[in-house]
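Open the model in your viewer and show it as a cartoon. Each stop below tells you what to select and what is there.

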Amino acid sequence: MASIRPETREMIERLVGFDTTSAKSNLALIDFAQHYLESRGARCRRTLNAEASKANLFASLGPAAPGGVVLSGHSDVVPVDGQSWDSDPFRVVERDGRLYGRGTADMKSFLATALALVPEFQAQPLRRPIHIALSYDEEVGCTGVGAMLHDITENLPAPEMVIVGEPTDMRIVNGHKGCYLFETRVKGQAAHSSQPHRGGNAILAAGRLIAFLAEAAAQKRRAAPADSPFDPPYTTFNLGQIEGGKAINIVAQDCSFTWEFRPLPGEDTEAIVAAFEAHAREAVLPALSEFAPGGAIETARLATVLPLAPEAEGAAESLVRRLSGVNDSGVVSFGTEGGIFQAAGLSTVVFGPGSIDQAHKPNEFITLAQVAACEDFLLKLRDWAAGG
Ligand SMILES: [Zn+2]
């Protein structure tokens, strides 16, 4: 059975012990991590959300110089509500070579391993910086990390590479689709169902908008690139929820629906949104408003996860290949913060311990073997950062 360093185990226990479900504050974890890092010589920067209830933490080791690598992970976890766990989700339990607890796979073990190795990182002078980045609100649409990235690009020498330690079983992932989430609200005007010419039917309007999205989805499917590594190999759409109307004999006044699309890297996402908005404005709204002067169609962007595009000869992927000895790479179907880093010009790869199969589930776990492999990799990274 694989063994891991006691410091790593203790750090996993500490991080899992903070209930950082996305709906809650993560400040207790951030306070702990910042104190730990600063007392070991790291330079730390925080960026807060608007309510100052959550924070990103960006810690730098080694020279205050451009280059180097960012080890990036999110501090938040998904809820345990309604899940049936065999043990307390926020207390790590070991059984059969596995550590159980919320966030063990997704993705506190990666962050904990990096933190636990900080004394090793500091044991010899680093010639290239190693940064450790902890974000908030990844699990609710990657909405936290942007503030940290803004702070880095404005105020710090630019790092060269980012390793996002999401659970990939220590396999190299160089691409994923994005995810754009929306809610569209249609407001018409109620009338007796026998008098459609005195109202505006919001459900009818919503139906025309939905048909437009269905057609957009069919077009993307027909135009699937032959060489796409993704499954399915095209940009997909989904209608997730719909609500509207009061009774069969009333012209429906309100209707709202949520929808998403998951673009391939390189997809012109703004063109998709603009086409939908134009159809709403130019075709659907005029019909809705004919007898309903207050008619309105409003679409709100709920969250945006940018796609991660495989980089030709990407610096981050090359480094991970060299240090890990892993020789192939692939794409995954889940989104990460990686696309946001990449869009800011940083070479980015996803590579971390644990399996996405265990993420978000009851009895989430990570194997000790995966943690040990992550330790090995990060020590090689330390040697790279310290060496010539
Ligand atoms: Zn995650």
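**The whole chain.** Start with everything shown: the chain has 10 helices and 15 strands. This is a predicted model. The C-alpha trace spans about 80 × 45 × 40 Å along its principal axes. Of the 388 residues in the chain, 52% are buried. Among contacts with a separation of 6 or more, 80% are between residues 24 or more positions apart.

**Strand 7 and its neighbours.** Select residues 161-164, which form strand 7. In a regular strand the side chains alternate between the two faces of the sheet. Turn on the side chains here: Met-161 and Ile-163 point one way, while Val-162 and Val-164 point the other way. Are these residues buried or exposed? All of them are buried.

Now add residues 69-74, which are strand 3; strands 3 and 7 run parallel and are joined by 4 bridges. Val-69 has Met-161 of strand 7 as its bridge partner. Next add residues 347-350, strand 14, which also runs parallel to strand 7, with 4 bridges joining the two. Here the bridge partner of Val-162 is Thr-348.

**The largest nonpolar core.** Stay with Ile-163 and show what surrounds it. Leaving out residues up to four places away in sequence, Ile-163 touches Val-69, Val-70, Leu-71, Ser-72, Phe-110, Val-320, Val-349, Phe-351, Phe-377 and Leu-381. In soluble globular proteins, nonpolar side chains tend to be buried together. The largest nonpolar core here has 59 residues, and the members that touch the most others are Leu-37, Leu-71, Ile-163, Leu-378 and Leu-381. Which helix supplies the largest share of this core? Helix 10 does, with 11 residues.

**Helix 10.** Select residues 368-386 to see this helix, 19 residues in length. From first C-alpha to last, helix 10 reaches 27 Å, close to the 27 Å expected at 1.5 Å a residue. Helix 10 is mostly covered, with 14 of its 19 residues buried.

**Aromatic pairs.** How many aromatic pairs does the structure hold? There are 11. Select Phe-18 and Phe-32: their ring centres are 5.7 Å apart and their planes are at 40 degrees, so the pair is tilted. Phe-18 lies in the loop between helix 1 (6-17) and helix 2 (27-38), and Phe-32 in helix 2, so this pair ties together parts that are 14 residues apart in sequence. Both Phe-18 and Phe-32 are buried.

Then select Phe-182 and Phe-261, a stacked pair with 5.8 Å centre to centre and 15 degrees between the planes. Phe-182 is in strand 9 (residues 179-187) and Phe-261 in strand 11 (residues 254-262), so the pair ties together parts that are 79 residues apart in sequence. Phe-182 and Phe-261 are both buried. Widen the selection to Tyr-180, Phe-182, Phe-212, Phe-237, Trp-259, Phe-261 and Phe-276, which ring pairs link into a cluster.

**The second core.** Keep Tyr-180 and Trp-259 selected and add Val-186 and Ala-206; these four are included in a second, separate core of 21 residues.

**Arginines over rings.** For the last stop, select Arg-95 and Tyr-100: Arg-95 lies over the face of Tyr-100, at 4.1 Å from the ring centre. Then select Arg-98 and Phe-365, where Arg-98 lies over the ring face at 3.9 Å from its centre.

How values were computed. Residues numbered from 1 in each chain as written. Predicted model: local features only at pLDDT ≥ 70, side-chain atom pairs only at ≥ 80, totals over all residues. Heavy atoms only, no water. Expected span 1.5 Å × (residues − 1). Buried < 20%, exposed > 50% of the residue type's maximum accessible area, 1.4 Å probe, protein only. Phe/Tyr/Trp six-rings, centres within 6.5 Å; stacked < 30°, edge-to-face > 60°. Lys NZ or Arg CZ within 6 Å of the ring centre and 35° of its normal. Core = buried A, V, L, I, M, F, W, Y, C linked by side-chain atoms within 4.5 Å. Contact = heavy atoms within 4.5 Å. Pairing = 2+ DSSP bridges.
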